Amino acid sequence: MMSRLSFLFLFLCVVIQRKAIGVNGCCSCEEFPKDCYSLPLNSPSGVYKIQPLVDKKPFDVYCEMGIHGGGFTFLPRGFTRLPYAQNIVKVLFRDKKNVLLKLQKKVDRSEAYTLIQPHPSFANTEFGVLINSFQGYTTPQNAFMKEYIFLGIIPASAARRRSVQGFRSNGHTVQFRNCDANPNSYFAFMPNHNLQTPSSYHSHNLIYEKVGVGVDWRSKAIPITHPDRTMPNEFFFLTELHFGGCGTYTSSNRWSKFGFHATAIGIR
């Protein structure tokens, strides 16, 4: 006959196993970091599994560990399909004045990077990262694609002014004067799962493919020359920028200068 102590031990084993299985049916004792910033010092850049939410399955991200102090978590295109993606962003995005973007060239898939930071006139304004939402900002022209990662630079309430606005790209101020108080101030990263044709907004005048914010930020990108630091294609997105009132509107399918055609977003 089973003793009381043996029964208690068996009961505890069952409880522990059920907790390990969790709501997603995942039974594993393997532990994963919460984010890239949690990796041990001197960890190499590369693809890692992370588990920001203990009750959800781990997933693959790219960890950039060498640029600007490292610890940047780059999100894959499939991330926008997770129903709890915004909850994950709340865990990952703590450094709200530094976002690392990587640009990919179309011809050879070589990459460059730039650190996006607030404009000096908005030094106390934190960025917003939203999933399939633009709350507090303005609507992306490619929102009809349904899924996107939204990087809000200046909230609409503050951008609705005829003032100098913008951001910093690798330490260089990229700015414009908002000519009509139109409060657009964002990057939007579209996985474009269904290969839809991007918006034709402002296609009648492609001045912003030659000058302005949409060109200036890319001109400050620094090439990544080490081949081990390049990322898989699944981390790069069709990219839309909209600033102002006389700042820019562009999407990466239109880019002609510098050879880039897609962008990846890294947060920490």
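Which residue forms a disulfide with C179? The partner is C246, and the two sulfur atoms lie 1.8 Å apart. The model described here is predicted. This briefing covers its disulfides, of which the count comes to two, and the surroundings of Q117, a residue in strand β5.

**Disulfide pattern**
- A disulfide is a covalent bond between the sulfur atoms of two cysteines.
- When the bonded cysteines are counted along the protein chain, the pairing follows the pattern 1-2, 3-4.

**The disulfide of C36 and C63**
- C36 is joined to C63 by a disulfide, with an S to S distance of 2.0 Å.
- C36 is found in the loop between α1 (4–21) and β1 (46–50), while C63 belongs to strand β2 (residues 59–64), so this pair ties together parts that are 27 residues apart in sequence.
- The torsion about the S-S bond of C36 and C63 is about -75°, and the disulfide is therefore left-handed.
- C36 has a relative accessibility of 0% and counts as buried.
- C63 is likewise buried, because its relative accessible area is 0%, which falls under the 20% limit for a buried residue.

**The disulfide of C179 and C246**
- C179 and C246 form a disulfide in which the sulfur atoms are 1.8 Å apart.
- C179 sits in the loop between β9 (172–177) and β10 (185–190), and C246 in the loop between β12 (238–243) and β13 (248–251), so the bond ties together parts that are 67 residues apart in sequence.
- About the S-S bond of C179 and C246 the torsion is about 75°, which means that this disulfide is right-handed.
- C179 counts as partly exposed, at 34% relative accessibility.
- C246 is also partly exposed, with a relative accessibility of 43%.

**The surroundings of Q117**
- Q117 is placed in strand β5, which spans residues 111–118.
- Q117 is buried because its relative accessible area is 15%, and the limit for a buried residue is under 20%.
- The side chain of Q117 makes a polar contact with the side chain of N98, at 2.8 Å.
- Leaving aside residues up to four places away in sequence, Q117 touches K97, N98, F127, F167, R168 and G171.
- N98 thus appears both in the polar contact of the Q117 side chain and in the list of residues that Q117 touches.

Key
Residues are numbered from 1 along each chain as its sequence is written. This is a predicted model: local features need pLDDT of at least 70, side-chain atom pairs count only at pLDDT 80 or more; totals for chains, interfaces and linings use all residues. Side-chain values use heavy atoms; hydrogens and water are left out. Helices (H or I, at least four residues) and strands (E, at least two) are DSSP runs, numbered from the N terminus. Buried means under 20% relative accessible area, exposed over 50%, partly exposed in between (1.4 Å probe, protein chains only). A polar contact is a pair of N or O atoms within 3.5 Å; within protein, one must be able to donate a hydrogen and the other to accept it, and residues adjacent in sequence count only if both atoms are side-chain atoms. Contact means heavy atoms within 4.5 Å. A disulfide is a pair of cysteine sulfur atoms within 2.5 Å.
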